[in-house]
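Please write a brisk report on the structure shown here. Cover its charged pairs, its core and its open space.

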Amino acid sequence: MTIEQLNYVIEIVKAGSISAAANQLFISRTVLSSAVSRLEEELGQKLFIRTSKGIHLTPFGKLFLDHIRPLHLQLSQLQAFSGDRGEKKSDVYTVVSNGFPLVTAVLSRMSEHFAEKDLTVNHYETYEVEVPVYVADNLASVGVIRVWDCYLHPLERQFETQGLDFFPLAELNIGITVGKNHPFFSRKGDTILREELSAFPFAGYLSQDKGPYADIFHRIAVVPPVRKMITTSRAALYEILMQTDAYTLDSVYPEDIIHTQPGGIRDNLRTFRLENCDVHSVVGWLMKQTHIMNKLDHYFLEELQRYFR
C-alpha cells in the first residue's frame, strides 16, 4: 500500500468516477484502474462497486475511506507547510462529529459572527470511534460525540490514553425514530414499547451492525432485528426512514436541536422515547488536554452548550 494509492482512492471518491479522477490526476484511466485493483487485491476486499452508472464505495470501502482520511489530511497539512512562502494564511476552524445538524448550525452562525475575518469553517462527519482520532491528531479543534452510556467508561479511559478530555453536555433518553410511512408516526403519546419493534425492520449505521456497538440491542433489552437496512451515511439513513416502515435508534433531543434539521427532514420524521430503558445516550465534546482555547473555541462551545441548557 502506498501514499499514491491512498490519494487515488480519495480522488475517485471526490470525482465520482475513475475517468474523471484520472483526468484530475493527469494519468490514464488504465493506470488508475490497475492501481486500485492492486490495492484491492492487497487488502483482500473490494473498495468500489463498478456499474454502468458509475462507481460506488462498498461498505468496506467506506470504512477504509474513514480510516485513511485523517492520514490524507495530515499529508495535506505537511504539503501546505512546505508550500508556505510567508503569505498570509486564512484562519481555519475544524470540528468533527458523528453526525449532528446542530454542529452545522453553530458553525454557520460562527461564519457570520466572524464575517470580518478571513475564516474557513470545516465540519467533518465520521464514526464514533474516529471522532477522537481526528482531535488527537490535531485535525479538528473540537470533537462532538454521542455515545450510549453503557459504553462510556471504557471510552473515557481510551480518551485519557489519547490525551483528550471529555466534557458531557447532556444525558438523553434513547429514542426510536420513524418516518411518515411508519404506523407509529401518527400515534398518540410519545413512548414506544420494546415488543412493538419486532414487527419492523431496523435501519442503522454499520457500527451498529458489525462494529463496536453491535450488541446495543442486547444492552437495551430489545430482541435483535431480523430485517436490517445498514448504511454509512446520515442522509441515506433519513431517506430509508422516510421511504420505508423501518425504525432507527436515536436520542430524544430538545426541541431547539430538532429545529436545526432541514424542514423536509424535520416534518417527515418523529422520535419516540423507548419506555423503561435504563440505557441513555450521552452527548459531549472532546478536546486535547494540551489545546489552548481561542475565541473561536469559546464561541463554538458557548453556542453548542446553549442547546442543552
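## Charged pairs

Arg-187 and Glu-196 form a salt bridge, with their closest N and O atoms 3.0 Å apart. The model is a predicted one. Arg-187 has a relative accessible area of 26%, so the residue is partly exposed. Glu-196 also counts as partly exposed, at 23% relative accessibility.

That pair has company: the structure holds 9 salt bridges. Three of them are set out below.

| Pair | N to O distance |
|---|---|
| Arg-187 and Glu-196 | 3.0 Å |
| Glu-303 and Arg-109 | 2.8 Å |
| Arg-146 and Asp-250 | 3.1 Å |

Take Glu-303 and Arg-109, whose side chains meet in a salt bridge. Glu-303 sits in helix α12 (residues 295-306), and Arg-109 sits in helix α5 (residues 101-113). The two are 194 residues apart in sequence, so their salt bridge ties together separate parts of the chain. Is each partner buried or partly exposed? Glu-303 has a relative accessible area of 17%. The cut-off for buried is under 20%, so Glu-303 is buried. Arg-109, at 25% relative accessibility, counts as partly exposed. This pair also belongs to a network of salt bridges that links Arg-109, Glu-303 and Arg-306.

Now take Arg-146 and Asp-250, which also form a salt bridge. Arg-146 belongs to strand β5 and Asp-250 to strand β10. The pair links distant parts of the chain, 104 residues apart. Both Arg-146 and Asp-250 are buried.

## Strand β10

How many residues of β10 are buried? The count is 5 of the 5, so β10 is largely enclosed by the rest of the structure. Its side chains go two ways. Tyr-247, Leu-249 and Ser-251 point one way from β10, while Thr-248 and Asp-250 point the other way.

β10 also has a partner strand. β6 and β10 pair in the antiparallel sense, over 5 bridges. Thr-177 has Thr-248 in β10 as its bridge partner.

## The nonpolar cores

The largest nonpolar core has 37 residues. Which of them touch the most other members? They are Ile-176, Leu-197, Ile-220, Tyr-247, Leu-249 and Leu-274. Several elements give two or more residues to this core, including α6 (131-136), α7 (152-161), β10 (247-251) and β12 (280-288). The largest share, 5 residues, comes from β6.

Apart from this core lies another, of 28 residues. Among them are Tyr-93, Val-106, Met-110 and Leu-301.

Leu-249 shows what contacts look like at one position. Leaving out residues up to four places away in sequence, Leu-249 touches Arg-146, Trp-148, Gly-175, Ile-176, Phe-202, Ile-216, Phe-217 and Ile-220. Arg-146 in that list is the salt-bridge partner of Asp-250.

## The largest pocket

Some space is left open as well. The largest pocket holds about 830 Å³ of space. Which of its 38 lining residues are closest to its centre? They are Arg-234, Tyr-238, Asp-250, Tyr-253 and Gln-261. The elements that give two or more residues to the lining are α4 (59-83), α9 (234-243), β10, α10 (255-258) and β11. The largest share of the lining, 5 residues, comes from α9.

Asp-250 is a residue to look for. Asp-250 is buried, forms a salt bridge with Arg-146 and is among the lining residues closest to the centre of the largest pocket.

Definitions and conventions
Residues are numbered from 1 along each chain as its sequence is written. This is a predicted model: local features need pLDDT of at least 70, side-chain atom pairs count only at pLDDT 80 or more; totals for chains, interfaces and linings use all residues. Side-chain values use heavy atoms; hydrogens and water are left out. A nonpolar core is a set of buried Ala, Val, Leu, Ile, Met, Phe, Trp, Tyr and Cys residues joined through side-chain atoms within 4.5 Å. Buried means under 20% relative accessible area, exposed over 50%, partly exposed in between (1.4 Å probe, protein chains only). Helices (H or I, at least four residues) and strands (E, at least two) are DSSP runs, numbered from the N terminus. Contact means heavy atoms within 4.5 Å. A salt bridge is a side-chain nitrogen of Lys or Arg within 4 Å of a carboxyl oxygen of Asp or Glu. Two strands pair if DSSP finds at least two bridges between them. On a 1 Å grid over the protein atoms alone, a cavity is a set of points where a 1.4 Å probe fits but cannot get out, and a pocket is an open set with protein on both sides within 12 Å along at least five of seven lines; lining residues have an atom within 4 Å of a point. Grid points are joined across faces, edges and corners, and a volume is the space filled by probe spheres set on the points.
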